[in-house]
Amino acid sequence: MIPGLDPAIEWRRDEAQVPYRAALDFMTERNAAIAAGTAPELVWLLEHPPVYTAGTSAAADELLDPRFEVVEAGRGGRYTYHGPGQRVGYVLLDLKRRARDVRGFVHAMEGWVIATLADFGVESWRSEGRIGIWTRDIDGREAKIGAIGVRIRRWVTMHGFSVNLNPDLSHFGGIVPCGIDEFGVTSLARLGHAVDMPTWDEALLKRAGEFLAALERPCPPQETM
């Protein structure tokens with residue numbers, strides 16, 4: 001494990017793919033246990049078999065081709081694809097122990113991913129009015145390289161983020177990703193960066209302390225999500 005990680009948090013990495021429904025059930029139970037004080041907080045890095053997940057704002061006409069299982073996720077947002085080659089991070093933290101700032105939590109998580117992408121030479125950013133992590137694709141247009149979706153129950157977070165390392169980008173064609181059809185989806189591999197899961201995880205976890213520190217202060221009002 002990476003030195004310096006908060007020992008009060010469980011830092012879990014799964015090498016085998018975890019079916020989405022099994023992960024959702026586990027997250028739901030762990031969320032309740034954290035709120036009850038009977039289990040430690042959790043940051044869980046994993047990979048799913050191909051699946052489309054529907055957030056609470058998902059519109060039926062944005063499911064274009066349900067070629068994979070579709071699961072109601074219970075998080076905010078619309079349709080998202082998860083699959084091999086995409087690293088998913090589920091972040092289950094008790095915000096009562098921190099700044100109790102949901103917007104700040106999302107902002108800090110976005111910043112964590114953006115900083116890690118920069119370590120691989122990929123500039124990325126937030127875009128006002130468009131949830132997620134954005135970068136410049138090989139055609140020069142903006143494209144999404146990471147997705148964000150969260151749910152808060154009794155001040156305990158669940159769900160989190162996903163980053164496209166080397167997924168089959170054609171799988172995103174079955175949905176309108178996050179309800180945004182005017183922009184595409186890209187990956188580190190498409191941008192010319194060969195990054196495997198262990199390498200990504202190591203870089204991400206080296207920045208975990210910065211992410212946690214950001215949760216100790218409210219999100220600056222001038223910052224854009």
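This report looks at one strand with its two partners, and then at a pair of helices. The model is predicted.

**Strand S3 and its neighbours**

Start with strand S3, residues 51-54. Val51 and Thr53 point one way from S3, while Tyr52 and Ala54 point the other way. All four of these residues are buried. In a regular strand the side chains alternate between the two faces of the sheet.

S3 pairs with two strands, S4 and S5. The table sets out both pairings.

| Partner of S3 | Residues | Sense | Bridges | Opposite Thr53 |
|---|---|---|---|---|
| S4 | 70-72 | parallel | three | Val71 |
| S5 | 79-82 | antiparallel | four | Thr80 |

Follow Thr53 across the pairings. In S5, Thr53 stands opposite Thr80. In S4, its bridge partner is Val71.

**Helices H2 and H3**

Two packed helices are described by the angle between their axes and the distance between the axes. Here the helices are H2 (residues 102-119) and H3 (residues 197-206). Their axes come within 9 Å and cross at roughly 125 degrees. Angles of 65 to 115 degrees count as roughly perpendicular, and those over 145 as roughly antiparallel. The crossing falls in neither range, so H2 and H3 are oblique to each other. H2 passes H3 in a right-handed crossing.

Which residues make the contact? On H2 they are Trp112, Val113, Thr116, Leu117 and Asp119. On H3 they are Trp200, Ala203 and Leu204. By class, the contact of H2 with H3 has six nonpolar residues, one polar and one charged.

Technical notes
Residues are numbered from 1 along each chain as its sequence is written. This is a predicted model: local features need pLDDT of at least 70, side-chain atom pairs count only at pLDDT 80 or more; totals for chains, interfaces and linings use all residues. Side-chain values use heavy atoms; hydrogens and water are left out. Buried means under 20% relative accessible area, exposed over 50%, partly exposed in between (1.4 Å probe, protein chains only). Two strands pair if DSSP finds at least two bridges between them. Axes are lines fitted to C-alpha atoms, for helices over the stretch in contact, and angles run from 0 to 180 degrees between N-to-C directions. Angles under 35 degrees count as roughly parallel, over 145 as roughly antiparallel, 65 to 115 as roughly perpendicular and the rest as oblique. A crossing is left-handed if the near helix is turned anticlockwise from the far one by less than a right angle, and right-handed if clockwise. Contact means heavy atoms within 4.5 Å. Ala, Val, Leu, Ile, Met, Phe, Trp, Tyr, Cys and Pro count as nonpolar, Asp, Glu, Lys and Arg as charged, and the others, Gly among them, as polar.
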